[in-house]
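Student: Could you take me through one part of this model in close-up, and then work outward from there? I'd like a connected walk through the packing rather than a list.

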Amino acid sequence: MQKEKAFLYIDTNFSNEEALMLDMAFRSFNFELVGLSSIRSQMTAEAGADNILGLNESHELFLPIAKGYEENLKEDQMATKGESIFNYKNHRDYLEEVNVEDQIYDIAQDCGKIDILATGPLTNIARALDKYEDLEDYISHIFISGGNLYGPDFNFKEDPQAINKILNSSIDIFILAKNLADGIELTDSFLEGLPKDDKNKKIIENLLADKDKRFLYGPLLLYLVEKPEAFIFEETGIKVDDKENIGEMIRVNSRRKVYLANRVNEESFLEYIEGKLCK
């Protein structure tokens with residue numbers, strides 16, 4: 001009997017590596033992508049949503065996409081890492097005219113169960129959980145790119161209350177800490193050898209041009225969603241400091257355990273990227 005595909009919802013922005021991750025996700029046949037939302041991070045949530053929409057349209061998928069929040073749970077405007085040079089124009093499709101919380105809930109309820117992949121601050125998801133008490137029943141797993149056991153991380157620092165709310169939920173949580181992806185080198189020769197087409201050429205060119213922002217957090221998180229058996233996990237309780245060293249992950253025994261990825265085979269992961277872009 002063929003295994004049913006998981007329903008996947010993506011909450012993200014549009015940095016170089018997030019754009020690569022989205023391009024790979026749009027090519028994947030291993031899950032059913034049911035919706036996307038933007039969150040303020042690399043650029044504003046509005047600019048991120050427009051770029052996601054344009055890339056989505058270039059793949060001729062026309063998925064539901066909602067603009068998420070610019071402010072954290074404390075209603076403070078979150079920072080951006082710097083406006084991107086991306087400009088993926090869309091011509092036929094439009095952003096959803098609904099609040100992101102309503103989109104997440106409606107899609108999750110329609111699907112019965114969804115997984116969520118999140119690469120930015122967790123504000124959109126936390127607000128949805130606040131608004132809909134039964135939303136936890138419709139989410140199987142949340143895969144998070146963020147956190148650092150050796151200091152604050154941007155995603156968690158911008159909204160520590162949001163990640164702590166999610167960590168206190170009954171949902172199975174997988175965390176890909178930034179220090180794991182930091183150890184994977186993305187060389188010029190690897191990027192130059194990747195399959196390119198009119199959809200991803202600009203993304204790969206940006207990665208080649210900007211060595212200071214040549215990260216793999218998003219693609220590695222997508223790999224975790226599709227191939228969790230390729231990772232070694234530590235089961236541990238986690239909270240995020242929201243008072244002193246804001247945004248730092250701390251191991252605690254009093255919290256429900258999450259799955260913290262701490263090892264992956266780099267060679268297999270890079271082969272995964274090449275394979276995805278061939279499709």
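Tutor: Let's start with Asn56, which has 0% relative accessibility and so counts as buried, the cut-off being under 20%. This is a predicted model, so read every value here as computed from predicted coordinates. Asn56 sits in helix H2, which covers residues 45-58. What does Asn56 touch, once residues up to four places away in sequence are set aside? The list is Phe26, Leu61, Phe62, Leu63, Ile65 and Asp93.

Step a little further along the chain and you reach Glu60, in the loop between H2 and strand S3 (65-66). Is Glu60 buried or exposed? Its relative accessibility is 59%, so Glu60 counts as exposed. The backbone is worth a look there too: phi of Glu60 is near 55°, a positive value in a residue other than glycine. Glu75 also has a positive phi without being a glycine, with a value near 70°. You'll find Glu75 in the loop between S3 and helix H3 (100-111), and at a relative accessible area of 52% Glu75 is exposed.

That loop leads into H3, so let's move to the helix pairs. The axes of H3 and H4 come within 8 Å and cross at roughly 70°. That angle makes H3 roughly perpendicular to H4. On the H3 side, the residues involved are Val100, Glu101, Asp102 and Ile104, and they meet Asn124, Ile125, Arg127, Ala128 and Lys131 of H4. Sorted by class, this contact has 4 nonpolar, 1 polar and 4 charged residues.

H4 (residues 123-131) also packs against helix H6 (residues 160-167), here at an angle of about 55° with the axes 8 Å apart. H4 and H6 are therefore oblique to each other. As for handedness, H4 passes H6 in a left-handed crossing. H4 brings Thr123, Ile125, Ala126, Leu129 and Asp130 to this contact, while H6 brings Ala162, Lys165 and Ile166. The class split for H4 with H6 is 5 nonpolar, 1 polar and 2 charged. Notice that Ile125 turns up in the contact with H3 and again in the contact with H6.

How much of H6 is covered? Mostly: 6 of its 8 residues are buried. Those are Pro160, Ala162, Ile163, Asn164, Ile166 and Leu167. Ala162 and Ile166 are therefore both buried and part of the contact with H4. H4 isn't the whole story, though; the cover over the buried residues of H6 also includes strand S5 (139-145), helix H5 (154-158), strand S6 (172-176), strand S7 (231-240) and strand S9 (257-264).

One more helix pair is worth your time. Helix H1 (residues 16-27) and helix H9 (residues 201-209) pack at about 150°, with their axes 9 Å apart. That makes H1 roughly antiparallel to H9. The crossing of H1 past H9 is left-handed. From H1 the contact uses Asn16, Ala19, Leu20 and Asp23, and from H9 it uses Ile203, Asn206 and Leu207. By class, that comes to 4 nonpolar, 2 polar and 1 charged residues. H1 links back to our starting point as well: Phe26, one of the residues touched by Asn56, falls within the H1 range of 16-27.

Further along the chain, Tyr223 gives you another buried site to compare, this time in helix H10 (residues 217-226). At 5% relative accessibility, Tyr223 counts as buried. Leaving out residues up to four places away in sequence, Tyr223 touches Pro228, Ala230, Phe231, Val264, Ser268, Phe269 and Tyr272. Take Phe269 from that set: 46 residues separate Tyr223 and Phe269 in sequence, yet their C-alpha atoms are 7.2 Å apart in space.

Last, the cysteines. How many disulfides does a search of the whole structure find? The count is 0. As for exposure, Cys111 is partly exposed, with a relative accessible area of 23%, whereas Cys278 counts as exposed at 59% relative accessibility.

Methods
Residues numbered from 1 in each chain as written. Predicted model: local features only at pLDDT ≥ 70, side-chain atom pairs only at ≥ 80, totals over all residues. Heavy atoms only, no water. Axes fitted to C-alpha atoms, helices over the stretch in contact; angles between N-to-C directions. Helix = DSSP H or I, 4+ residues; strand = E, 2+ residues; numbered from the N terminus. Parallel < 35°, antiparallel > 145°, perpendicular 65-115°, else oblique. Left-handed = near helix turned anticlockwise from the far one by under 90°. Contact = heavy atoms within 4.5 Å. Nonpolar A, V, L, I, M, F, W, Y, C, P; charged D, E, K, R; others polar. Disulfide = S-S within 2.5 Å. Buried < 20%, exposed > 50% of the residue type's maximum accessible area, 1.4 Å probe, protein only.
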